[in-house]
Amino acid sequence: MFLMTRSAKKKQQQAMEMRNQMQPGTGVRTIGGMYATVKEVGDDTVLLEVAPGVHAVYAKNAIGAVLEDDEYNRIVHGDTGTETEGDATSDDLVVPDDASSLVEPADDTADTAKPDLTKKADADDAAPKDGKADGEADAK
């Protein structure tokens, strides 16, 4: 029993030390899984920037982890930090606005008529059956 309470106290102490390491500019993850940047640290609260220009006040106890800069940038911005010369970067990639450049052009012999995708109502379906409109039922 003594060992169980001692390990729980040790974990609480480590969590408190981790939260005290926070300073403005540090990347954090809340216990809810949201990633943010610390803007201000108070006694019991932390002001977090959750998006550019969007700030929220959280309790210090709501901070689940203080992240290293490399890890925060990798998770939030997708930065790998391991690119070398000659590697393709995101600036080199060209993404087309539409999918037309991803398919081969059709040859002239192929049927180029577009299919009719509009819904057509049958005459039998449009007329009420047995003289009853939708929703009407025989009372018994």
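Visitor: Why is Glu71 called partly exposed?
Guide: In this predicted model, Glu71 has a relative accessibility of 32%. Buried would require a value under 20%, and exposed a value over 50%. The value of 32% lies in between, so Glu71 counts as partly exposed. The residue belongs to helix H2, which covers residues 69–77.

Visitor: What makes Glu71 eligible for a patch on the surface?
Guide: A patch accepts residues with over 30% relative accessible area and no salt bridge. Glu71, at 32%, is over that limit, so the area condition is satisfied. Glu71 joins Glu68, Asp69 and Asp70 in a surface patch.

Visitor: Why is the charge of this patch called negative?
Guide: The patch consists of Glu68, Asp69, Asp70 and Glu71. Asp and Glu count as negative, and therefore the patch is one of negative charge.

Visitor: How do you know that Glu49 and Lys39 form a salt bridge?
Guide: The closest N and O atoms of the pair are 3.2 Å apart. A salt bridge asks for a side-chain nitrogen of Lys or Arg within 4 Å of a carboxyl oxygen of Asp or Glu. The distance of 3.2 Å is within 4 Å, so Glu49 and Lys39 qualify. The structure holds one salt bridge.

Visitor: What makes this pair a tie between parts of the chain?
Guide: Glu49 lies in strand S3 (residues 45–51), while Lys39 lies in strand S2 (residues 35–41), so the salt bridge ties together parts that are ten residues apart in sequence.

Visitor: Why are Glu49 and Lys39 given the labels they have, buried or partly exposed?
Guide: Glu49 has a relative accessible area of 19%. This is under 20%, so Glu49 is buried. Lys39 has a value of 35%, which lies between 20% and 50%, and therefore Lys39 is partly exposed.

Visitor: Why is Ala36 called buried?
Guide: The relative accessibility of Ala36 is 0%. The limit is under 20%, so Ala36 counts as buried. Ala36 is found in strand S2. Leaving aside neighbours within four places in sequence, its contacts are Thr26, Gly27, Val28, Leu48, Glu49, Val50 and Tyr72.

Visitor: How do you know where Tyr72 lies with respect to Ala36?
Guide: The two residues are 36 positions apart in sequence, and their C-alpha atoms are 8.9 Å apart in space. Ala36 and Tyr72 are also in contact, which means that some of their heavy atoms are within 4.5 Å.

Visitor: What makes Gly27 buried or exposed?
Guide: Gly27 has 3% relative accessibility. Since this value is under 20%, Gly27 counts as buried. The residue lies in strand S1. Beyond residues up to four places away in sequence, Gly27 touches Ala36, Ala65, Val66, Leu67 and Tyr72.

Visitor: Why is Thr30 placed in a given class, buried or exposed?
Guide: Thr30 has a relative accessibility of 5%. That figure is under 20%, so Thr30 is buried. Thr30 is found in strand S1, residues 27–30. Apart from neighbours within four places in sequence, Thr30 is in contact with Leu48, Tyr58, Ala62, Ile63 and Gly64.

Visitor: Why is Gly64 called partly exposed?
Guide: Gly64 has a relative accessible area of 35%. This value lies between 20% and 50%, and therefore Gly64 is partly exposed. Gly64 lies in strand S5 (residues 63–67). Among its contacts outside four places in sequence are Thr30 and Met18. Gly64 and Met18 are 46 residues apart in sequence, with 9.2 Å between their C-alpha atoms.

Visitor: How many helices and strands does the chain contain?
Guide: The chain has three helices and five strands. In sequence order they follow the pattern α-β-β-β-β-β-α-α. Of the 140 residues in the chain, 14% are buried.

Technical notes. Residues are numbered from 1 along each chain as its sequence is written. This is a predicted model: local features need pLDDT of at least 70, side-chain atom pairs count only at pLDDT 80 or more; totals for chains, interfaces and linings use all residues. Side-chain values use heavy atoms; hydrogens and water are left out. Helices (H or I, at least four residues) and strands (E, at least two) are DSSP runs, numbered from the N terminus. Buried means under 20% relative accessible area, exposed over 50%, partly exposed in between (1.4 Å probe, protein chains only). Patches are made of residues with over 30% relative accessible area and no salt bridge: like charges are joined within 9 Å, nonpolar side chains (Val, Leu, Ile, Met, Phe, Trp, Tyr) within 5 Å. Accessible areas come from the Shrake-Rupley method with a 1.4 Å probe; for residues, only the protein chains shown count as cover. The place of a charge is taken as NZ of Lys, CZ of Arg, CG of Asp or CD of Glu.
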